[in-house]
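Trainee: Before we discuss this protein chain, could we look at the sequence and the structure together?

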Amino acid sequence: MKITTPKGYVIELSADEAETLFPGLVRGVRRQLAGLAEPAAADDEPLSAARLVRRVLRRHRIPPTQRAVYRVLYEAGDDGLDFGALAAATGRSTEELSGVLGGLGRRVNATPGIETLAEAPGVNLLFEHRESAPPGGGWGWAMRPELRQALEDLGLPWSSDSRSS
């Protein structure tokens, strides 16, 4: 195995050496290769939302900031939260929350299988956009049922956290 660094250095390793030195990288490559081996949907039909959501969650380790958003929206139930309340509940400013959601959207759109959809959904695969009722107006997010079910199937990945965000 040859690895070329950004500075152009070439590192040659056996498969065993690579696994010993970079176990997370090797696991990630194996996971991606296993995903490629999955039977493709017939005639390039879009995969179900539930299956895509599971792929998003299992693609990489879920960062603590994203787990915090999942936890807060899970606990908020079907009504969800307006954007300001979501930011406050996750301990973030609205600008920081925008960054977290941007990263989550990139995670979704880079997930294998998303290309079968007519349009890359970003966070809309996971959350439903909600307009808040007056007097506050504004907008917010609610968790889609497919995400709620996938998180329950995973054992609510934030429940083992010692921190809440």
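**The core and its surroundings**

Trainee: Which residues have the most contacts inside the largest nonpolar core?

Mentor: This is a predicted model, and everything I say rests on that prediction. The largest nonpolar core has 30 residues, and at least two of them are supplied by each of helix H3 (49-59), helix H4 (64-76), helix H5 (83-89), H6, strand S5 (139-143) and helix H7 (145-153). Within this core, the residues with the most contacts are Tyr70, Leu126, Phe127 and Leu147.

Trainee: Leaving aside neighbours within four places in sequence, which residues is Leu126 in contact with?

Mentor: Contact here requires heavy atoms within 4.5 Å, and Leu126 is one of the residues with the most contacts inside the core. With the neighbours within four places in sequence left aside, the partners of Leu126 are Val53, Val56, Tyr70, Leu104, Val108, Ala142, Met143, Arg144 and Leu147.

Trainee: What pattern does the protein chain follow along the sequence?

Mentor: The secondary structure of the protein chain comes to seven helices and five strands. Read along the sequence, these elements give the pattern β-β-α-α-α-α-β-α-α-β-β-α.

Trainee: What percentage of the residues in the protein chain is buried?

Mentor: A residue counts as buried when its relative accessible area is under 20%. Among the 165 residues of the protein chain, the buried ones make up 32%.

Trainee: Which element of the protein chain has the highest mean pLDDT?

Mentor: The protein chain averages a pLDDT of 82, and 82% of the residues score at least 70. Among the elements, helix H2 (residues 23-37) has the lowest mean, 67, whereas the highest, 95, belongs to helix H6 (residues 94-109).

How values were computed: Residues numbered from 1 in each chain as written. Predicted model: local features only at pLDDT ≥ 70, side-chain atom pairs only at ≥ 80, totals over all residues. Heavy atoms only, no water. Helix = DSSP H or I, 4+ residues; strand = E, 2+ residues; numbered from the N terminus. Buried < 20%, exposed > 50% of the residue type's maximum accessible area, 1.4 Å probe, protein only. pLDDT = per-residue confidence, 0-100. Core = buried A, V, L, I, M, F, W, Y, C linked by side-chain atoms within 4.5 Å.
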